[in-house]
Amino acid sequence: MPAENADVYDPLETLAYVAAKTSTIRLGTSVVDALFHSPVVLAKRLATLDRLSGGRAMIPPG
């Protein structure tokens, strides 16, 4: 991996971290490379983020 990509984090894990540290902000990302994920696994990860953040995840309809 090139050195400039060493500090690029997965958006869903980053949002989970932010959800644990905050209690009011809405959580969302515009960068999820869905082609690299199984649709079922991605849906489960997004649902888990939404549930653990108390419904603060902003997930656009597919």
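Q: Where is serine 53 found?
A: The structure is a predicted model, in which local features need pLDDT of at least 70 and side-chain atom pairs count only at pLDDT 80 or more, while totals for chains, interfaces and linings use all residues. Residues are numbered from 1 along each chain as its sequence is written, and side-chain values use heavy atoms, with hydrogens and water left out. Helices (H or I, at least four residues) and strands (E, at least two) are DSSP runs, numbered from the N terminus. In these terms, serine 53 is found in the segment after helix 2.

Q: How many helices does the chain have?
A: The C-alpha atoms of the chain fill a box of roughly 35 × 25 × 15 Å, taken along the principal axes. Within the chain there are zero strands, and the number of helices is two.

Q: Is serine 53 buried or exposed?
A: A residue is called buried under 20% relative accessible area, exposed over 50%, and partly exposed in between, with a 1.4 Å probe and protein chains only. Of the 62 residues of the chain, 16% count as buried. Because the relative accessible area of serine 53 is 5%, this residue counts as buried.

Q: What distance separates the C-alpha atoms of serine 53 and alanine 20?
A: Serine 53 can be placed by its distances to residues elsewhere in the sequence, one of them being threonine 22, which is 31 residues apart from serine 53 in sequence and 8.9 Å apart in space, C-alpha to C-alpha. Alanine 20 is 33 residues apart from serine 53 along the chain, and the separation of their C-alpha atoms is 7.4 Å.

Q: Which side chain makes a polar contact with the side chain of threonine 22?
A: Threonine 22 is found in the loop between helix 1 and helix 2 and counts as partly exposed because its relative accessibility is 28%. A polar contact is a pair of N or O atoms within 3.5 Å; within protein, one must be able to donate a hydrogen and the other to accept it, and residues adjacent in sequence count only if both atoms are side-chain atoms. The side chain of threonine 22 reaches the backbone oxygen of valine 18 at 2.9 Å. The side chain that makes a polar contact with that of threonine 22, at 3.0 Å, belongs to arginine 56.

Q: Which backbone oxygen does the side chain of arginine 56 reach?
A: Arginine 56 has its place in the segment after helix 2. Arginine 56 is buried yet has no salt bridge, and the nearest side chain of opposite charge, aspartate 50, is 8.3 Å away, where Lys and Arg count as positive and Asp and Glu as negative, while His and the chain ends are not counted. At 3.0 Å, the side chain of arginine 56 reaches the backbone oxygen of alanine 19.

Q: Which residues are joined into one network by salt bridges that share partners?
A: A salt bridge is a side-chain nitrogen of Lys or Arg within 4 Å of a carboxyl oxygen of Asp or Glu, and the structure holds two of them. In one, the side chains of aspartate 10 and arginine 45 meet at 2.9 Å, N to O. In the other, glutamate 13 pairs with arginine 45, the closest N and O atoms being 2.7 Å apart. The salt bridges share partners, and the network they form joins Asp10, Glu13 and Arg45.

Q: How many residues apart in sequence are the parts that glutamate 13 and arginine 45 tie together?
A: Glutamate 13 is partly exposed, with a relative accessible area of 45%, and arginine 45 counts as partly exposed at 21% relative accessibility. Because glutamate 13 lies in helix 1 and arginine 45 in helix 2, the distance in sequence between the parts they tie together is 32 residues.

Q: How many residues of each class does the lining of the largest pocket have?
A: On a 1 Å grid over the protein atoms alone, a pocket is an open set of points where a 1.4 Å probe fits, with protein on both sides within 12 Å along at least five of seven lines, and lining residues have an atom within 4 Å of a point. Of the 16 residues that line the largest pocket, the closest to its centre are Val32, Leu46, Met58, Ile59 and Pro60. Ala, Val, Leu, Ile, Met, Phe, Trp, Tyr, Cys and Pro count as nonpolar, Asp, Glu, Lys and Arg as charged, and the others, Gly among them, as polar. By these classes, the lining has no charged residues, four polar and 12 nonpolar.
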